[in-house]
Amino acid sequence: ILTPYYSEETIYSKNDLELENEDGISIVFYLQKIFPDEWNNFMERLTCKRESAGWTSEENVLHLRYWASQRGQTLSRTVRGMMYYRRALKLQAFLDMASENEILEGYKAVAFPTEEDKKSQKSLYAQLEAVADMKFTYVATCQNYGIQKQNGDRRATDILNLMVNNPSLRVAYIDEVEERENNKVKKEYYSVLVKAFNNHDQ
């Protein structure tokens, strides 16, 4: 599956959420009014009594950014939606491959594996991961990712976080390299496909 992406929002920044439009309405205010129950549940999960308390810690701000981004037109919402296909493939493989006892234990036994299951190649968890990896890869064509990385753009970090959190996500982008030839500098362009590994792209 391939999703084109140029420079739209990946995950809303804190400034994006607080910025008011010409009518004096911010994104976070709008989302509170559109999704009041979800907002109240979210604040309860953060154990915040007041809205302003949600901005006090970096962790809360990050949770708020993700919460809002899942309700807007962002790349993270698109990626999350597409990753449901991978989860469905794993569930289908579980029903096909699991023993009767494993089915009686339920899918959650596989969804939340132990460290031992993660390391073992013979565990049901590893087999389901392998099946899902064989059948599903998702590529976001983030054309400016290389430039965003060079410039230290927040969106590059957000895209990397998406890759780290979604192992089946790959990012394709155009890399621009300056090369010298006969005392002249010329730009070369390369197509690059990366995935996350140890919290870095490669």
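Helices (H or I, at least four residues) and strands (E, at least two) are DSSP runs, numbered from the N terminus. The model described here is predicted, so local features need pLDDT of at least 70 and side-chain atom pairs count only at pLDDT 80 or more, while totals for chains, interfaces and linings use all residues. Residues are numbered from 1 along each chain as its sequence is written, and side-chain values use heavy atoms, with hydrogens and water left out.

**Helix α3**

Helix α3 spans residues 36-45, and its buried residues (under 20% relative accessible area, with a 1.4 Å probe and protein chains only; over 50% is exposed, and partly exposed lies in between) are Trp-39, Phe-42 and Met-43. These residues lie on the same side of α3 because they cover an arc of only 95° around the axis, the arc being that of the directions from the helix axis to the C-beta atoms. An α-helix has 3.6 residues a turn, so residues three or four places apart point the same way. The buried residues of α3 pack against α2 (27-34) and α4 (58-69), where contact means heavy atoms within 4.5 Å. On the face turned away from the buried side, α3 carries the exposed residues Asp-37, Glu-44 and Arg-45.

**Arg-65 in helix α4**

Arg-65, which is found in helix α4, is buried, with a relative accessible area of 13%. Leaving aside residues up to four places away in sequence, Arg-65 touches Ile-11, Tyr-12, Ser-13, Lys-14, Leu-17, Arg-154 and Asp-158.

**Helices α5 and α9**

The axes of α5 (residues 75-97) and α9 (residues 124-135) come within 9 Å and cross at roughly 130°; axes are lines fitted to C-alpha atoms, for helices over the stretch in contact, and angles run from 0 to 180 degrees between N-to-C directions. The two helices are therefore oblique to each other, since angles under 35 degrees count as roughly parallel, over 145 as roughly antiparallel, 65 to 115 as roughly perpendicular and the rest as oblique. Residues of α5 that meet α9 include Arg-86, Leu-89 and Phe-94, and among their counterparts in α9 are Leu-124, Tyr-125 and Val-131.

**Positive phi in loops**

Most residues other than glycine have a negative phi, and most peptide bonds are trans. The table lists two asparagines with a positive phi.

| Residue | Phi | Loop | Relative accessible area |
|---|---|---|---|
| Asn-183 | near 60° | between β3 (169-181) and β4 (184-194) | 76%, exposed |
| Asn-198 | about 50° | between β5 (196-197) and β6 (200-201) | 59%, exposed |

Thr-47, just after α3, also takes a positive phi, of about 55°.
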